[in-house]
Amino acid sequence: MIRRGPLAKHGPLVNHRWLLPLGLATLGSAAACCAEDAPSVFRINTQLVEVDVVVDGKHGPAANFTKSDFTILDNGKPQQIALFSVQSSAARKDAKASPLAPGVVSNRLTRAGEEPASPTVVLWDALNTETADQAWVRNQVISYLRSMQPGDPVAVYILVKNLRVIQDFTDDPLPLIQALRRTNAEQSADLSAPDLTDLQAQTGMALMAAGAPPGSADAAQMASQNAALMLLRSKAIDAGGEMSDYALRDQVYITQAALEAIAEHLSGLPGRKKLVWISGSFPTIPPTQRDNLGLATNEYLDFSPQIEHAIRALNGANVAVYPIDPRGLSTGAVSASARPTQLGPGGAVPSAALTAGTLAPGSLTAPGIDTMNLLAGGTGGEAFYATNDATGAIKSIMEDGQVTYRLGFYPSDEKLDGSYHSISVKVAHKGTPIEDVRARKGYFALDAKNSANGHWRERLNESMQNPLEATQLGLQASATPVKGAAGVYELEITLDLDGLHLEHQKDRWVASIAFGTLPSPSESTKGTLETIRLSLTEGRLRAALKDGYVLRRKVVMGHPATNLRVVIEDASTGIVGSVSVPLNQPSEAAPGP
């Protein structure tokens, strides 16, 4: 289930790590991030902002730059680069991993124990795309996958009224192709809403035909009735327009929520993530017309706040959006659902300026192109439209970022109040012409003193219902049935402390988390919820930084379920981790109490 409309204020937060005093700084992943470029003074609970930068020269990716070639501006202020490394796709493919133990699942690792580095999500947007275009672009995606080389983690999701996983991350093209072949094009009910305008226009014409013909003997007697019919016709047309506007708002809110859910899902994964958004999109400021007693009045809807909110969430998760317009490039008459209307004697009719001979929906000015450019430009991606080669577009996207520069800095502005900070990256290298620089455009400054802005319970519930797992906090979990106790499971969760806000109080490191569970499928929304205060000595913290913090709970199922959704939220910052734990019966059960 995806909640519609604006979500919580901050959305996904930037990848961050809490650095401990010098005595602890060499322990665990919380300090390992800084490598040789780490500052000499370690800081407590300092946010490290990571920025992955793609630089293109005249002949493709530029791979010969050094730290001194880059400048990072945070809200216009230059920042000291504390972390610098060069990431290549070849190095990512050579990374080794250890498989997870049997029965253990993770929100960051695959079953093989691999962490999808710089992954790509292909979002098939059936909500905003006509069925004929969906069928065409599906074949184009499959055509690319047939030639895809193993090593690049790719997942495929579909959006209709809800977001669904077709195939989760894998570097094997075969399951991706099979999943796409099993998935049929789906008709969006919201896209058919513009037909309501035509229906109301026909109603208006029928109402006018019901009036007395001009010059008839009883024409004067029917004057008042015709006036009433004119008013009724006007209201019928307005009703159709309002229903179309409502359907478009529905599309936008669902799309916004889906983009933000994907951002939260990817935020805890390393590297620069790509979101390939295959969509007919929607206009940012679509025009609409109303009949005011026979006079046409122009009105506009404005979806720029929703788009900006999604862009900030995607930037916070280091996700670059690559929209692909599946409508292709052709000429001819524009479909009625894709062009604005004007009011005629019989009601709403297509605008004469957009009739036969103009570019069809795949043109440079097709509805929704503005939104594609905003999302791509606002996140450091690139939009592909007015093309009949979606296969080539996907290939270009997958090759983008073969060489990535990873920069990290500690914000010099100590006012980390939860606000959104704009980032810009400048590159200058003597003797190397630079064609393009792409990077995330901002991040959220963590506000650890605001207790997740009072939204922690709301965010926890959202994560429970989200079809995608949140990765801001790393989790590994298993559920083992207790022997001799039907419906009772021993739940074991390992929480990665990298990312959790810790406060130093006397001789302890303390944190507060919210912990919830929910069976699935569930006959009700009833689950469990508790708050837990962590209080760790220095020795315990050393061990937890290395191996994770382990929580164990007995879970009693009141009805049959196949999965248990587990959610943990940092009550200080609001960042979340969630994982779905299978409740399969293993060969050996845990001993009873």
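The following conversation concerns the confidence, the sheets and the helix packing of a predicted model.

Trainee: What is the average pLDDT of the protein?

Mentor: The structure is a predicted model, and its pLDDT averages 76, with 69% of the residues scoring at least 70.

Trainee: Where is confidence lowest, and where is it highest?

Mentor: The lowest mean belongs to strand 15 (residues 347-350), at 34, and the highest to strand 13 (residues 319-324), at 96. Over residues 1-44 the pLDDT is below 50, yet this stretch has 135 contacts in the model beyond near neighbours in sequence. Residues 331-362 also stay under 50, and the model gives them 70 contacts beyond four places in sequence.

Trainee: How should coordinates be read where pLDDT is low?

Mentor: Where pLDDT is low, the predicted coordinates should not be read in detail.

Trainee: Turning to the sheets, what is the strand order in the sheet with mixed pairing?

Mentor: That sheet is open, has five strands and follows the order 9-8-7-10-13. Strand 9 (163-170) and strand 13 stand at its edges with a single partner strand each, so one side of each lacks a neighbour in the sheet. From one strand to the next, the twist averages 15 degrees.

Trainee: In what sense do strand 7 and strand 10 pair, parallel or antiparallel?

Mentor: Strand 7 (residues 120-125) and strand 10 (residues 273-278) are parallel, and five bridges connect them. Within this pairing, Leu123 has Trp277 of strand 10 as its bridge partner.

Trainee: Which strands does helix 4 lie across?

Mentor: Helix 4 (residues 173-182) lies across strand 7, strand 8 (154-159) and strand 9. Relative to strand 9, helix 4 runs at about 160 degrees.

Trainee: And what is the strand order in the open sheet of four strands?

Mentor: The order there is 6-20-21-25, and the pairing is antiparallel. Strand 6 (105-106) and strand 25 (549-556) are the edge strands, each pairing on one side only.

Trainee: How many bridges join strand 20 to strand 21?

Mentor: Seven bridges join strand 20 (residues 475-481) to strand 21 (residues 488-495), and the two run antiparallel. Opposite Pro481 stands Tyr489 of strand 21, while Ala479 faces Leu491 in that strand. The two strands form a hairpin with six residues between them, and Gly484 in the turn has a positive phi of about 80 degrees.

Trainee: Over how many bridges does strand 21 pair with strand 25?

Mentor: Strand 21 and strand 25 pair over eight bridges, in the antiparallel sense. In this pairing, Val488 stands opposite Val556 of strand 25.

Trainee: Let us move to the helices. At what angle do helix 3 and helix 4 pack?

Mentor: Helix 3 and helix 4 pack at about 165 degrees, and their axes are 9 Å apart. The two helices are therefore roughly antiparallel to each other. Helix 3 passes helix 4 in a left-handed crossing.

Trainee: Which residues meet there?

Mentor: From helix 3, the residues are Arg138, Val141, Ile142, Leu145 and Arg146; from helix 4, they are Pro173, Leu176, Ile177, Leu180 and Arg181. By class, this contact has seven nonpolar, no polar and three charged residues.

Trainee: How does helix 3 cross helix 9?

Mentor: The axes of helix 3 (residues 131-146) and helix 9 (residues 390-399) come within 8 Å and cross at roughly 50 degrees. That angle makes helix 3 oblique to helix 9. Here the crossing is right-handed.

Trainee: What residues are in that contact?

Mentor: Helix 3 brings Trp136, Val137, Gln140, Val141, Ser143 and Tyr144, which meet Ala390, Thr391, Ile394, Lys395 and Met398 of helix 9. The contact has seven nonpolar residues, three polar and one charged. Val141 of helix 3 thus appears in the contact with helix 9 and in the contact with helix 4.

Trainee: One last pair: what angle separates helix 7 and helix 8?

Mentor: Helix 7 (residues 304-316) and helix 8 (residues 369-379) pack at about 30 degrees, with axes 9 Å apart. They are therefore roughly parallel to each other, and their crossing is right-handed. Ile307, Ile311, Leu314 and Asn315 of helix 7 meet Thr371, Leu374, Leu375, Gly378 and Thr379 of helix 8. These residues divide into five nonpolar, four polar and no charged.

Conventions. Residues are numbered from 1 along each chain as its sequence is written. This is a predicted model: local features need pLDDT of at least 70, side-chain atom pairs count only at pLDDT 80 or more; totals for chains, interfaces and linings use all residues. Side-chain values use heavy atoms; hydrogens and water are left out. Axes are lines fitted to C-alpha atoms, for helices over the stretch in contact, and angles run from 0 to 180 degrees between N-to-C directions. Angles under 35 degrees count as roughly parallel, over 145 as roughly antiparallel, 65 to 115 as roughly perpendicular and the rest as oblique. A crossing is left-handed if the near helix is turned anticlockwise from the far one by less than a right angle, and right-handed if clockwise. Contact means heavy atoms within 4.5 Å. Ala, Val, Leu, Ile, Met, Phe, Trp, Tyr, Cys and Pro count as nonpolar, Asp, Glu, Lys and Arg as charged, and the others, Gly among them, as polar. pLDDT is the predictor's confidence in each residue, from 0 to 100. Two strands pair if DSSP finds at least two bridges between them.
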